[in-house]
Amino acid sequence: MKLFSSVKDVTDVNQLVSEAIQLKANPFADEHLGKHKTLGLIFLNPSLRTRLSTQKAAMNLGMQVMVMNMDKEGWALETQDGIIMNGTTVEHIREAAGVMGEYCDIIGIRSFPGLKDRDEDYSELIFNKFVQFCGVPVVSLESATRHPLQSLADLITIEELKTTAKPRVVLTWAPHVKPLPQAVANSFAEWMNKADYDFVITHPAGYDLAPEFVGNAVVTNNQDEALAGADFVYVKNWSSYQDYGKILSDGEGWMMTNEKLKLTNNAGVMHCLPVRRGLELSHEILDGPNSLVLNQANNRVWAAQAVIKSMLKGS
Ligand code: AN0
Ligand code: CP
């Protein structure tokens with residue numbers, strides 16, 4: 001694998017999931033594979049899990065890891081081509097990405113959307129320029145429209161815990177005070193559509209995801225109806241795609257609670273984290289037996305390790 005930015009970059013998703021599960025059982029089996037190889041992790045936005053789990057995955061494979069917090073420690077990057085750089089930006093992404101490619105064998109990059117210009121965000125301007133100019137294999141650490149390492153970890157979590165071949169998986173919108181990207185929801189939907197599950201998306205009116213991500217999912221604005229019989233409930237806020245980047249309502253009544261859990265098939269409750277307690281998800285769920293958030297966080301390591309291993313092997 002040379003690029004991991006979407007489920008579309010994976011030839012065999014089942015094989016990648018089983019590779020990750022094997023690595024979880026035997027984390028150091030390939031500790032010589034990454035010897036004298038360097039992974040560069042470039043963050044244009046904050047991170048806890050992605051930074052640490054990807055670093056740990058690379059260390060398990062024997063790699064050296066360098067982390068760069070571009071937003072705080074790097075030069076202000078220019079992304080537009082052909083302009084005179086007489087403003088605030090100091091370095092062009094062409095040089096910056098090229099230089100990092102000189103130092104690294106594999107690069108991971110996180111670049112959130114601006115949530116102002118939908119066409120620009122959905123064209124993945126920054127991520128794609130980085131891929132174009134760094135010249136080495138690239139792993140997305142969450143781009144403007146997708147978070148594939150998270151989605152792979154989520155799929156691993158469901159595969160490990162499901163008790164039926166075709167579980168009912170519900171992605172439910174949750175309230176938030178800040179406009180958040182659609183990336184986690186888009187990506188989860190993309191990977192769930194690839195898995196042969198009974199997949200449902202529920203959100204208030206005005207929060208429809210882009211059709212290319214909704215795929216074959218059943219979509220309803222009635223959360224109770226969606227939750228009925230659910231085996232897994234994935235909770236996530238996202239800002240509007242239609243009224244781009246906007247918060248349309250306070251989302252009262254949409255927070256997942258134990259009361260709503262009663263509608264489900266004793267569902268496992270998932271969230272990528274970071275989560276706002278008492279706003280997106282109730283304390284009782286997060287502290288209760290149905291929460292799978294730490295299982296997901298744990299699986300981030302094996303998801304990253306399976307992807308990096310495949311890149312190191314050039315397969
Ligand atoms: C980010 C998002 O919703 O995309 C990162 C999630 C992994 N979340 C926040 O900014 C709170
Ligand atoms: N879930 C996730 O990607 O978390 P971070 O933003 O902390 O990396």
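Ligand 2 sits in the largest pocket, and the space taken by ligand 1 is the largest pocket too. A pocket here is an open set of points on a 1 Å grid over the protein atoms alone, where a 1.4 Å probe fits, with protein on both sides within 12 Å along at least five of seven lines. A molecule sits in a pocket if more than half of its atoms lie within 2 Å of its grid points. This is a predicted model: local features need pLDDT of at least 70, side-chain atom pairs count only at pLDDT 80 or more, and totals for chains, interfaces and linings use all residues. Residues are numbered from 1 along each chain as its sequence is written, chains are lettered from A and ligands numbered from 1 in the order written, and side-chain values use heavy atoms, with hydrogens and water left out.

**Ligand 2**
- Its shell (residues with a heavy atom within 4 Å) consists of Ser47, Leu48, Arg49, Thr50, Arg110, His147, Gln150, Cys272, Leu273 and Arg300.
- By class, that shell holds three nonpolar, four polar and three charged residues; Cys and Leu count as nonpolar, Arg as charged, and Ser, Thr, His and Gln as polar.
- Polar contacts are pairs of N or O atoms within 3.5 Å.
- An oxygen atom of ligand 2 lies 2.7 Å from a polar side-chain atom of threonine 50.
- Backbone contacts involve a nitrogen atom of the ligand: 2.9 Å to a polar atom of cysteine 272, and 2.9 Å to one of leucine 273.
- Alone, ligand 2 exposes 250 Å², and the protein buries 93% of that (Shrake-Rupley method, 1.4 Å probe).

**Ligand 1**
- Phe112, Glu142, His147, Leu180, Pro181, Lys236, Cys272 and Leu273 surround ligand 1.
- Five of these residues are nonpolar, one is polar and two are charged.
- The side chain of glutamate 142 puts an N or O atom 2.6 Å from an oxygen atom of ligand 1.
- For lysine 236, the corresponding side-chain distance to a ligand 1 oxygen atom is 2.7 Å.
- Taken alone, ligand 1 exposes 330 Å², of which the protein buries 83%.

**Domains**
- The chain divides into domain 1 (3–146 + 300–314) and domain 2 (148–296), with bounds from an automatic or database domain assignment.
- Their centres, taken over C-alpha atoms, are 25 Å apart.
- The contact (heavy atoms within 4.5 Å) takes 33 residues from domain 1 and 32 from domain 2.
- Ligand 2 lies between the domains because both give residues to its shell.

Methods. Polar contact = N/O pair within 3.5 Å; in protein donor to acceptor, adjacent residues only side chain to side chain. 1 Å grid on protein atoms, 1.4 Å probe; cavity = no way out; pocket = protein on both sides within 12 Å on 5 of 7 lines; lining within 4 Å.
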